[in-house]
Amino acid sequence: MVAMVSPSSLFLILLFLSIPFSESNLTTDYYKNSCPHLENIIRETVTSKYISVPAAAAGTLRLFFHDCMVGGCDASVLISSNPFTKAERDADINLALPGDAFDVIVRAKTALELSCPGIVSCADILALATRNFVSIAGGPVYTVMLGRKDSLESNISSVEANIPRANTTMDEIIRMFESKNFTVGEMVALSGAHTIGFSHCKEFAYRLFGYSRSTPTDPSYHPKFSAALKTLCANYKNDSDMAAFNDPMTPSKFDNMYYQNLKRGMGLLESDNGLLRHPRTNHFVDLYAFNQTAFFNDFAQAIEKLSLSGIKTGNQGEVRRKCDAFNTFQA
């Protein structure tokens with residue numbers, strides 16, 4: 001009798017076989033004996049945070065992306081600058097990373113240090129917390145392999161070339177992801193993370209008030225949407241905290257509404273709108289807008305792949321005692 005393998009299991013098998021040896025040391029039950037209460041602690045911490053601050057889901061997902069895109073998923077973005085080095089966290093594009101995302105990692109780490117001190121890496125905590133937040137917000141459940149070590153360095157100079165900005169062209173974004181071995185489809189699926197969360201007005205105000213000399217407002221916006229954004233962001237120069245939901249229809253629900261909004265002229269950022277207009281990405285937008293299951297499946301596979309990017313194992317890293325400082329800088 002021939003055993004049947006599910007498509008998701010087959011994907012994980014193929015992904016496992018294709019990754020370098022150091023990454024293949026990761027397992028789903030890495031902490032089974034050394035920290036048996038890990039999953040419960042992460043679940044309780046994430047659930048508590050989500051109940052009090054639902055926006056922490058989008059914030060943590062963004063934090064995870066910003067970590068993995070710069071040198072790999074190694075918690076380097078969590079490091080605070082020290083007297084010798086300016087860390088990734090202080091890069092201009094990372095200054096708006098929400099404090100609640102950092103806070104939930106600190107809370108989980110504190111609880112884990114009480115339960116199993118010196119065992120669970122901050123990189124694994126961030127990966128697990130992100131997975132749980134995606135799920136609790138209504139998104140797909142996906143597999144997180146464990147056994148990452150925390151980075152031994154974090155440099156502000158590494159950030160700029162590795163994380164797209166709101167006005168980065170789609171060609172540049174595609175090249176950025178392809179340089180990290182992600183396909184165009186995987187990039188579009190990961191962009192669906194914008195189905196939750198918000199963006200500050202300063203990131204897209206030029207599309208509302210200074211698009212061009214003859215056309216102050218980007219005509220790609222639906223007129224009623226741009227009018228509402230102008231009202232919302234009217235005072236953005238004096239209030240840097242002013243922001244709009246990436247998905248104004250279901251802002252706290254992880255679904256495929258983001259792609260539907262793009263087709264309605266409600267792509268908040270220029271990079272969002274670029275997905276609809278670029279010939280290499282627009283058919284994925286059409287697919288995901290029509291088929292949420294396809295989006296969920298592709299997002300799950302893409303973020304599983306992202307979670308294995310540039311990981312550190314063995315003596316390539318450490319298990320930090322505090323997530324914001326290397327062990328050598330802790331008393």
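Helices (H or I, at least four residues) and strands (E, at least two) are DSSP runs, numbered from the N terminus.

The model is predicted, and local features need pLDDT of at least 70, side-chain atom pairs count only at pLDDT 80 or more, and totals for chains, interfaces and linings use all residues. Residues are numbered from 1 along each chain as its sequence is written, and side-chain values use heavy atoms, with hydrogens and water left out.

**Exercise 1. Cys 122**

Task: Place Cys 122 in its helix, decide whether Cys 122 is buried or exposed, and list what Cys 122 touches.

Solution:
- Step 1. Cys 122 belongs to helix H6, which covers residues 122-136.
- Step 2. Buried means under 20% relative accessible area, exposed over 50%, and partly exposed in between, using a 1.4 Å probe and protein chains only. Cys 122 has a relative accessible area of 0% and is therefore buried.
- Step 3. Contact means heavy atoms within 4.5 Å. Not counting residues up to four places away in sequence, Cys 122 touches Ala 75, Leu 78, Lys 109, Asp 150, Arg 320, Lys 322 and Cys 323.
- Step 4. One of these, Arg 320, is 198 residues from Cys 122 in sequence, yet their C-alpha atoms are 6.8 Å apart in space.

**Exercise 2. Residues with a positive phi**

Task: Compare the settings of Ala 75 and Asn 181, and state whether each is buried or exposed.

Solution:
- Step 1. Ala 75 is not a glycine, but its phi is positive, at about 65 degrees. Asn 181 is likewise a residue other than glycine, with a positive phi near 70 degrees.
- Step 2. Ala 75 sits in the loop between H4 and H5, whereas Asn 181 sits in the loop between H7 and H8.
- Step 3. Ala 75 is buried, because its relative accessible area is 0%. Asn 181 is exposed, because its relative accessible area is 60%.

**Exercise 3. Two further residues of the H4-H5 loop**

Task: For Ala 87 and Asn 94, determine whether each is buried or exposed, and find their contacts.

Solution:
- Step 1. Ala 87 lies in the loop between H4 and helix H5 (99-115), and Asn 94 also lies in the loop between H4 and H5.
- Step 2. The relative accessible area of Ala 87 is 1%, so Ala 87 is buried. That of Asn 94 is 3%, so Asn 94 is buried.
- Step 3. Leaving out residues up to four places away in sequence, Ala 87 touches Ile 79, Ser 80, Ser 81, Ser 154, Asn 155 and Ile 156. On the same terms, Asn 94 touches His 66, Val 77, Glu 88, Arg 89, Val 159 and Ile 163.

**Exercise 4. The sides of helix H10**

Task: Identify the buried residues of helix H10 (223-232), and explain why they are on the same side of H10.

Solution:
- Step 1. The buried residues of H10 include Phe 225, Ser 226 and Leu 229.
- Step 2. Around the axis they cover an arc of only 95 degrees, and therefore they are on the same side of H10. The arc is that of the directions from the helix axis to the C-beta atoms.
- Step 3. Pro 223, Lys 224 and Thr 231 are exposed and stand on the face turned away from the buried side of H10.
- Step 4. Helix H9 (205-209) and strand E2 (243-245) are among what covers the buried residues of H10.

**Exercise 5. Domains and the largest pocket**

Task: Name the domains, then describe the lining of the largest pocket.

Solution:
- Step 1. The domain assignment, which is automatic or from a database, gives domain 1 (37-158) and domain 2 (170-305). Their contact takes 17 residues from domain 1 and 16 residues from domain 2.
- Step 2. The C-alpha centres of domain 1 and domain 2 are 23 Å apart.
- Step 3. A pocket is an open set of points on a 1 Å grid where a 1.4 Å probe fits, with protein on both sides within 12 Å along at least five of seven lines; lining residues have an atom within 4 Å of a point. The largest pocket has a volume (the space filled by probe spheres set on the points) of about 1,000 Å³.
- Step 4. The largest pocket is lined by 43 residues, of which Arg 62, His 66, His 194, Ser 199 and Leu 269 are the closest to its centre.
- Step 5. Domain 1 and domain 2 each provide at least three residues of this lining, and H4 gives the largest share, 7 residues.
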